[in-house]
Amino acid sequence: FRHDRELVLLAVQQSDGWALQFASEDLKRDREIVMTAVRRNGWALEHASEELKRDREVVLVAVQANGEALEFAGEALRRDREV
């Protein structure tokens, strides 16, 4: 399950983002999967790759879903007043 992209994407959609925590590290770097997760649940940002935690668009979507998700963003974005 953890390495099957289509299965993880479906699980993320059906679990409101929570299934991201069980995905393989490779899939936690998959922008489409992570964006799907954080759109449904900003807290899913916690389980995204470090690279995607520094991605402004991903973080903005997560914060729009749940403002408290900002705590999981990369350091530079946590300090960005526009986020």
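**Exercise 1. Is D80 buried, partly exposed or exposed, and at what relative accessibility?**

First, some ground rules. This is a predicted model, where local features need pLDDT of at least 70 and side-chain atom pairs count only at pLDDT 80 or more, while totals for chains, interfaces and linings use all residues. Residues are numbered from 1 along each chain as its sequence is written, and side-chain values use heavy atoms, with hydrogens and water left out.

*Step 1.* Get the classes straight: buried is under 20% relative accessible area, exposed is over 50%, and partly exposed is in between (1.4 Å probe, protein chains only).

*Step 2.* D80 comes out at 23% relative accessibility, so it counts as partly exposed.

**Exercise 2. Find the salt-bridge partner of D80 and place both residues.**

*Step 1.* A salt bridge here puts a side-chain nitrogen of Lys or Arg within 4 Å of a carboxyl oxygen of Asp or Glu. D80 pairs up with R56, and their closest N and O atoms are 2.5 Å apart.

*Step 2.* R56 sits in helix 4 and D80 in the segment after helix 5 (75–79), so the pair links distant parts of the chain, 24 residues apart. Helices are DSSP runs (H or I, at least four residues), numbered from the N terminus.

*Step 3.* What about R56 itself? With a relative accessible area of 32%, R56 is partly exposed.

**Exercise 3. Work out what the R5–E32 salt bridge ties together.**

*Step 1.* The R5 and E32 side chains meet at 2.5 Å, N to O.

*Step 2.* R5 belongs to helix 1 and E32 to helix 2, so this bridge ties together parts 27 residues apart in sequence.

*Step 3.* Both ends are partly exposed: R5 at 27% relative accessibility and E32 at 43%.

*Step 4.* For contrast, try E75 and R79, whose side chains form a salt bridge at 3.0 Å, N to O. These two share helix 5 and are 4 residues apart, about one turn of the helix. R79 is exposed, at 60% relative accessible area.

**Exercise 4. Describe the surroundings of K28.**

*Step 1.* Look in the loop between helix 1 (5–14) and helix 2 (31–40). K28 is buried there, with a relative accessible area of 10%.

*Step 2.* Its side chain reaches the backbone oxygen of Q21 at 3.4 Å.

*Step 3.* Leaving aside neighbours within four places in sequence, K28 has contacts (heavy atoms within 4.5 Å) that include L20, V34, H47 and L52.

*Step 4.* Now flip to L20: with the same neighbours left aside, its contacts include K28, V12, I33 and A44.

Note on methods
Polar contact = N/O pair within 3.5 Å; in protein donor to acceptor, adjacent residues only side chain to side chain. Contact = heavy atoms within 4.5 Å.
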